[in-house]
Amino acid sequence: LLQKGWASLVRDDENEAFNYFWQAFKKAQKNKNTEDKAESLLYLGICSYGSSSENGLRYVTQSLSEYKKLESTFPEIAKNGRSRCLQLISTIYSRQKKYSEAIRLSREVIANFEGSKDETGTLGLAYNSLGTLYEIRKKIDSSDYFFNKALIEFEKNKSNAYLPTIYIKKGNIEKRKGNKKVSFEFYQKASLLAEKTENKQAQ
C-alpha cells in the first residue's frame with residue numbers, strides 16, 4: 001500500500017496517494033503493528049504538508065511518537081524513523097520561513113545518517129534542504145556544496161522522485177558559472193527523468 005501510495009504521489013495524484021497511505025495506517029492499527037503505523041503516519045505527513053503545513057506536522061508528530069515506542073526493542077528502526085520525521089519537519093519549517101530551526105534539524109539528520117547506509121533518501125533530502133536554506137541566505141558556496149552532496153546521495157540510491165529537482169539545481173549552478181553546455185545537459189536529464197516517472201511537478 002505504501003509503495004502504491006508513493007507511486008501516486010510521484011505522479012502528483014495526492015488524493016489517491018493519501019487513500020493508500022490511510023489504508024496502510026488503518027491496517028497497521030488493526031494489526032497493532034507499531035513500525036507500520038509509524039511509517040504510514042510519516043507518509044501521510046509527506047502527502048499532506050504541501051496543501052496543509054498543520055496537517056503535515058500533525059501526522060509527522062504522531063509518527064515520531066510511534067517510533068519512540070520502538071526505542072527499546074528496535075533501536076535502529078526508531079533512530080532512523082526519528083531522523084526521517086525530523087527531516088520532514090525541517091522541510092515544513094522551511095516553508096514556514098523558520099530557517100534557523102530547519103537548518104538545525106537537517107544538520108541533526110545528517111549527523112545520524114552520515115557514515116551509515118541510508119537507503120531511504122533521507123540523507124540526500126537533508127543535504128538538499130541545507131542547499132536550499134543556504135541559497136535563501138545567499139551563502140552560495142555552502143549552498144553549492146550541499147547540492148553537490150545531495151546529487152551524489154540521490155544518484156547512489158536511485159532516488160528518482162528527487163533527482164529531477166537536484167538536476168535542475170545543478171543546471172542552475174553550472175549556468176551561473178558560465179558552463180552553458182553542462183547546464184543544458186543537467187536540465188535535459190531532469191526533463192527526461194521527470195517524463196519517464198510521470199512527475200508533473202518536475203516536468
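**Note on an all-helix predicted model**

1. In this predicted model, the chain carries 35 positive and 25 negative side chains, and the centres of these two sets lie 2 Å apart. The accessible surface of the chain comes to about 11300 Å², and carbon and sulfur atoms account for 49% of that area.

2. As for the secondary structure, the chain contains 10 helices and 0 strands, so that a reader who follows the sequence from start to end meets the pattern α-α-α-α-α-α-α-α-α-α.

3. The overall dimensions can be checked against a simple rule, because a compact globule with 203 residues would have a radius of gyration near 17 Å, and the chain, with 17 Å, agrees with that value. Taken along the principal axes, the box filled by the C-alpha atoms is roughly 55 × 30 × 30 Å. Of the 203 residues in the chain, 44% are buried, and among the contacts with a separation of 6 or more, 51% join residues that are 24 or more positions apart.

4. The largest nonpolar core has 37 residues, and those with the most contacts inside it are Leu130, Leu163, Ile166 and Tyr167. Two or more residues of this core come from each of several elements, including helix 3 (34–48), helix 4 (53–68), helix 7 and helix 10 (180–196), while helix 5 gives the most, with 7 residues. Apart from this core lies another, of 9 residues, among them Leu9, Ala17, Tyr43 and Leu44.

5. Ile166 deserves a separate look, since the list of its partners shows what surrounds one residue of the core. When neighbours within four places in sequence are left aside, Ile166 is in contact with Asn128, Phe147, Ala150, Leu151 and Phe154.

6. Gly131 has its place in helix 7 (residues 122–136), and it counts as buried because its relative accessibility is 0%, where buried means under 20%. Beyond its neighbours within four places in sequence, Gly131 is in contact with Ser143, Phe146 and Phe147. The C-alpha atoms of Gly131 and Ile103 are separated by 9.8 Å, although these two residues are 28 residues apart along the chain.

7. Which residues does Ser90 contact, once neighbours within four places in sequence are left aside? They are Ala102, Leu105, Ser106 and Ser129. Ser90 itself lies in helix 5, and at 0% relative accessibility this serine counts as buried.

8. The loop between helix 8 and helix 9 holds both Ser159 and Lys158, and it is worth asking of each: is the residue buried or exposed? Ser159 is buried, with a relative accessible area of 11%, whereas Lys158 counts as exposed at 65% relative accessibility. Not counting residues up to four places away in sequence, Ser159 touches Gly121 and Phe154. The phi angle of Lys158 is near 50°, which is a positive value in a residue other than glycine.

9. Lys97 offers another example of a positive phi in a residue other than glycine, with a value near 65°. Lys97 lies in the loop between helix 5 and helix 6, and it counts as exposed because its relative accessible area is 62%, where exposed means over 50%.

Definitions and conventions. Residues numbered from 1 in each chain as written. Predicted model: local features only at pLDDT ≥ 70, side-chain atom pairs only at ≥ 80, totals over all residues. Heavy atoms only, no water. Helix = DSSP H or I, 4+ residues; strand = E, 2+ residues; numbered from the N terminus. Rg over C-alpha atoms; globule rule 2.2 N^0.38 Å. Buried < 20%, exposed > 50% of the residue type's maximum accessible area, 1.4 Å probe, protein only. Contact = heavy atoms within 4.5 Å. Areas by Shrake-Rupley, 256 points an atom, 1.4 Å probe, with all protein chains shown as cover. Lys, Arg positive; Asp, Glu negative; His and termini not counted. Charge placed at Lys NZ, Arg CZ, Asp CG, Glu CD. Core = buried A, V, L, I, M, F, W, Y, C linked by side-chain atoms within 4.5 Å.
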